[in-house]
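The following explanation leads the reader through selected contacts, from a pair of helices to the meeting of two chains. Please consult the sequence and the structure alongside the text.

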2 protein chains.
Amino acid sequence: MDIKKYLHEKKEAVDSFFHNYFKEQRRPAVLQEAMLYSLFAGGKRIRPILAIASFEACGGNPDEIVPYASTLELIHTYSLIHDDLPSMDNDDLRRGKPTNHKVYGEAIAILAGDALLTEAFSIFSDTSFCRTIKQADLLKALREIANASGPRGMVAGQVQDILSENSVPDKDILQFIHMHKTAALICASVKIGHILAGSSKDNLGAIISYGNNIGLAFQVIDDILDIEGDTEELGKPVGSDERIKKTTYPLLHGIEKSREIARQLVSDAVSSLSIFSAEADPLREIAFYLLNRRN
Amino acid sequence: MDIKKYLHEKKEAVDSFFHNYFKEQRRPAVLQEAMLYSLFAGGKRIRPILAIASFEACGGNPDEIVPYASTLELIHTYSLIHDDLPSMDNDDLRRGKPTNHKVYGEAIAILAGDALLTEAFSIFSDTSFCRTIKQADLLKALREIANASGPRGMVAGQVQDILSENSVPDKDILQFIHMHKTAALICASVKIGHILAGSSKDNLGAIISYGNNIGLAFQVIDDILDIEGDTEELGKPVGSDERIKKTTYPLLHGIEKSREIARQLVSDAVSSLSIFSAEADPLREIAFYLLNRRN
């Protein structure tokens, strides 16, 4: 299969949903502008695409999940806006563009993040997009996303990340941060594909194992790219994590060993999918694509 | 009926749910501590109580709605934490205690707010609390709350509030701010009581009219108290809104006229309930209680 074509098509589907959903101008204009500024700042829509690919692998018709899958990008975008704030990572650039608070100021940036997070749940609870998806499954999937994003998931990881700045690198804490800050929402992405497809419980273990491995791999690769990549390609100052002494995989294990860990995680992710046939090829190809990405 | 007893009992039910729900210590400890610091900083649980009272008026058994009604307090608390931030209202005190960022720092305060908001949706999508409540109604009520809190509701009001600081007071803008920042979530509180009780559409108009009137009255009274009350009773520096030249009802209409507006709104709210008998007495009494509150 042509994974680049697949990624492009699914990204287009997600973006087209957003364009349609946000086409109506709402008051106050600056709020919607700030939300859309970060939403269209170059995100690859990896989380929605993972949800779509998992939904397909579990027998769903990809069109139906697009609105629900797209909410993962709203949540991801909110987390980036808040992470970049002066009181957190204090980043001026994100994907080569000024961060939200650099353009709109801190107050509007915080509120644009709040709005994106809340809007995700508004869309996810909109049953007008459902045809074959059951309302009970929608509720179950929504809870999966809330748990992965909240104080049991992403927010816990971000708090631990902040607490660990400038402290002695620790393996367990690094694992906790990555599993919560990054892997939880990525794993939830493939899980909601499974839930919304109404798929059998027999597949669930495979999907979760794929999600956890790919989620952790994603962050390890991010850490490596942060050290290796050049600013132009990555869109943020290289080594910015090292500058404020964040614990990362390369800092703890060195670059070569980190690369090996990432390769092993991707290999484990793909192995988890052995009970699926060709319908899971997009999931497999996405795993390799993430391993080889340059930004 | 004894409204003080009623308010006390319902507040106890909400607090007891929180104590039980948050009894398990989660990592990182400081996140949970920051969340609970503001959650137990003296809130009167008005929004949950309104949801419970509306649920009762529409024939529901109050015990069942407590977990879902409680999420309104999580959302309200998150909004206070973010409103108090240095980049927003920059308040040092809230209900007589140091604000969240004064105790935990800005980063943790922002994340504690994010966590409370997200946890609200996690609880609201937990069907294990349902006995007679239908999952379809749960989804519908959740969407009501998301719409009232997000960029179509509370967040829009807060953005407009910030944009309007130090500008010429304007009646329409003031109405927009109050309807979105305060009334939307209060109106949603009574609406979800109606939805979760599976009540007939015939009652809905009455409940919405009550909610909008009481929601706006609540903010007008807040504006009056902010000017009149003394710091000790109110727990925040008196006139803090005037200090930074926020548009308020008293600024626009004077105190006497504002009091009259509040009285009229409460009277309209109570009149809306004429199709209900004694089962709506708590809603009626809450309206008068809010009008006469001193803090």
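**Helix packing and the chain contact**

In this predicted model, the residues B:Met154, B:Ala156, B:Gly157, B:Gln158, B:Gln160 and B:Asp161 of H8(B) meet B:Ile173, B:Phe176, B:Ile177, B:His180, B:Lys181, B:Ala184 and B:Leu185 of H9(B). By class, this contact of H8(B) with H9(B) comprises 7 nonpolar, 4 polar and 2 charged residues. The two helices, H8 spanning residues 154-163 and H9 spanning residues 171-196 of chain B, pack at an angle of about 145°, and their axes are 7 Å apart. The crossing of H8(B) and H9(B) is left-handed.

Chain A offers another helix pair. Helix H1 (residues 3-21) and helix H4 (residues 62-84) of chain A pack at an angle of about 90°, with axes 9 Å apart. Angles of 65 to 115 degrees count as roughly perpendicular, and H1(A) and H4(A) are therefore roughly perpendicular to each other. H1(A) contributes A:Ala13, A:Val14, A:Phe17 and A:Phe18 to the contact, while H4(A) contributes A:Val66, A:Pro67, A:Ala69, A:Ser70 and A:Glu73. These residues divide into 7 nonpolar, 1 polar and 1 charged.

The contact between the chains remains to be described. It takes 45 residues from chain A and 46 residues from chain B. On the side of chain A that touches chain B, the elements giving two or more residues are helices H2 (29-39), H6 (106-124), H7 (135-149) and H8 (154-163) of chain A. H6(A) supplies the largest share of that side, 12 residues. By class, the side of chain A that touches chain B holds 24 nonpolar, 13 polar and 8 charged residues.

Key: Residues are numbered from 1 along each chain as its sequence is written. Chains are lettered from A and ligands numbered from 1 in the order in which they are written. This is a predicted model: local features need pLDDT of at least 70, side-chain atom pairs count only at pLDDT 80 or more; totals for chains, interfaces and linings use all residues. Two residues are in contact if their C-beta atoms, placed from the backbone, lie within 7 Å. Helices (H or I, at least four residues) and strands (E, at least two) are DSSP runs, numbered from the N terminus. Ala, Val, Leu, Ile, Met, Phe, Trp, Tyr, Cys and Pro count as nonpolar, Asp, Glu, Lys and Arg as charged, and the others, Gly among them, as polar. Axes are lines fitted to C-alpha atoms, for helices over the stretch in contact, and angles run from 0 to 180 degrees between N-to-C directions. A crossing is left-handed if the near helix is turned anticlockwise from the far one by less than a right angle, and right-handed if clockwise. Angles under 35 degrees count as roughly parallel, over 145 as roughly antiparallel, 65 to 115 as roughly perpendicular and the rest as oblique.
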